[in-house]
Amino acid sequence: MGIVLPTLFALLAALSNALATVLQRRAALTVPQSQGFRPGLILDLLRRPVWLAGVLTVIAAGVWQAAALATGPLSLVQPLFVLELPLTLLLASLWQRRRPSGATLLRLCAVVAGLGLALLAAAPSGNRTHVSIDRWLPVLAACAGGAAALTAVGLRRPPGRARAACLGTATAICFALTAGLMKTAVHILTEDGLAGFLTSWQTYAFGASGVCAMLLMEHAMQGGPLIASQPALTLGDAMVSFLLGVLVYEEHVRAGWWVLPQLLGIGLIVTGVFALTRSEAGTL
């Protein structure tokens with residue numbers, strides 16, 4: 001059950017996030033496009049019921065994600081969120097009452113097979129629950145600096161692929177950081193109760209990071225085509241989360257010859273994600 005439960009919870013979270021993406025993308029395309037960072041974008045979106053439905057779905061996804069992180073390693077749980085893209089495209093097709101083509105289904109299978117191969121070969125293990133502040137400080141600085149730099153570069157670009165890719169990558173960093181901080185906060189909640197949860201710095205840090213991620217995601221969706229923002233978000237979140245699991249939580253993955261099937265799986269994932277996004281760019 002050490003692998004089954006976190007995997008199940010992570011899959012439910014990925015499905016919820018996929019549905020939220022479809023709903024929020026629909027809402028984002030109904031508001032005026034912004035040339036810069038515009039906090040008022042959220043006020044415009046609040047008037048769209050479909051966006052509010054997307055927010056509720058995001059909250060549900062957060063609950064499933066917290067359960068997954070509480071029961072399994074970060075380096076296992078977060079890479080499973082790569083499945084958000086295939087699930088998003090399938091849900092978007094159902095929304096539009098379109099049947100996915102054979103080529104699309106083949107690309108979906110490539111992503112799923114690649115993810116399965118990579119995770120089986122890596123076999124992430126370990127479930128450390130607490131990380132000292134001195135270990136977190138350089139990570140927080142690096143993530144905040146990277147996200148801020150990518151956001152600044154993206155907002156200087158006109159709407160297009162470069163802008164969407166920069167904002168999508170910044171969003172991915174914030175989502176990965178949110179997951180990393182949430183893992184400790186959830187364990188504090190289970191061990192010390194609500195009082196401990198509300199007095200821990202990780203709780204407010206992951207909340208702030210999550211808000212930044214949501215705001216950046218809305219701008220990334222508006223900033224350019226899906227082919228630029230979605231791969232950056234999908235692959236970036238998985239990669240940064242995996243690194244946080246190994247470097248911060250000291251989770252273990254297989255080395256030696258196991259690296260070869262891991263690289264093969266990653267290659268299948270990357271190829272499938274870009275092929276899916278390119279072929280289904282108009283779906284959302």
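## A walk through the helices and pockets

The structure holds 4 aromatic pairs. Keep in mind as you look around that this is a predicted model. A pair of aromatic rings is described by the distance of the centres and the angle of the planes. Try this on phenylalanine 9 and tryptophan 64: their ring centres are 6.0 Å apart and their planes lie at 25°, so the pair is stacked. Planes count as stacked when they are under 30 degrees apart. This pair also ties together distant parts of the chain, since phenylalanine 9 sits in helix H1 and tryptophan 64 in helix H3, 55 residues apart.

Next, turn to two helices further along. Helix H8 covers residues 161-198 and helix H9 covers residues 201-223. How do their axes meet? They come within 6 Å and cross at roughly 155°. That makes H8 roughly antiparallel to H9, because angles over 145 degrees are counted that way. The crossing of H8 past H9 is left-handed. Sorted by class, the residues in the contact of H8 with H9 are 22 nonpolar, 10 polar and 1 charged.

Now for the open spaces. Rolling a probe the size of a water molecule over the atoms shows where empty space is left. The largest pocket holds about 800 Å³ of space. To find this pocket on the model, look for Val58, Phe175, Thr178, Gly210 and Met214, which lie nearest its centre among the 33 residues of the lining. Which helices help to line the largest pocket? At least two residues each come from helix H1 (4-28), helix H3 (49-71), H8, H9 and helix H10 (226-247). H3 gives the largest share of this lining, with 8 residues. By class, the lining of the largest pocket is made of 20 nonpolar, 11 polar and 2 charged residues.

The second largest pocket offers about 450 Å³ of space. Its lining has 18 residues, and those nearest the centre are Ala118, Ala238, Met239, Phe242 and Ile266. Two or more residues of this lining come from each of helix H6 (102-122), H10 and helix H11 (259-279). What classes of residue line the second largest pocket? There are 16 nonpolar residues and 2 polar ones, with no charged residues.

If you would like one last thing to trace, follow helix H10: this helix supplies residues to the lining of the largest pocket and to that of the second largest pocket.

Conventions: Residues are numbered from 1 along each chain as its sequence is written. This is a predicted model: local features need pLDDT of at least 70, side-chain atom pairs count only at pLDDT 80 or more; totals for chains, interfaces and linings use all residues. Side-chain values use heavy atoms; hydrogens and water are left out. Axes are lines fitted to C-alpha atoms, for helices over the stretch in contact, and angles run from 0 to 180 degrees between N-to-C directions. Helices (H or I, at least four residues) and strands (E, at least two) are DSSP runs, numbered from the N terminus. Angles under 35 degrees count as roughly parallel, over 145 as roughly antiparallel, 65 to 115 as roughly perpendicular and the rest as oblique. A crossing is left-handed if the near helix is turned anticlockwise from the far one by less than a right angle, and right-handed if clockwise. Ala, Val, Leu, Ile, Met, Phe, Trp, Tyr, Cys and Pro count as nonpolar, Asp, Glu, Lys and Arg as charged, and the others, Gly among them, as polar. On a 1 Å grid over the protein atoms alone, a cavity is a set of points where a 1.4 Å probe fits but cannot get out, and a pocket is an open set with protein on both sides within 12 Å along at least five of seven lines; lining residues have an atom within 4 Å of a point. Grid points are joined across faces, edges and corners, and a volume is the space filled by probe spheres set on the points. Rings of Phe, Tyr and Trp (its six-membered ring) pair if their centres lie within 6.5 Å; planes under 30 degrees apart count as stacked, over 60 as edge-to-face and the rest as tilted.
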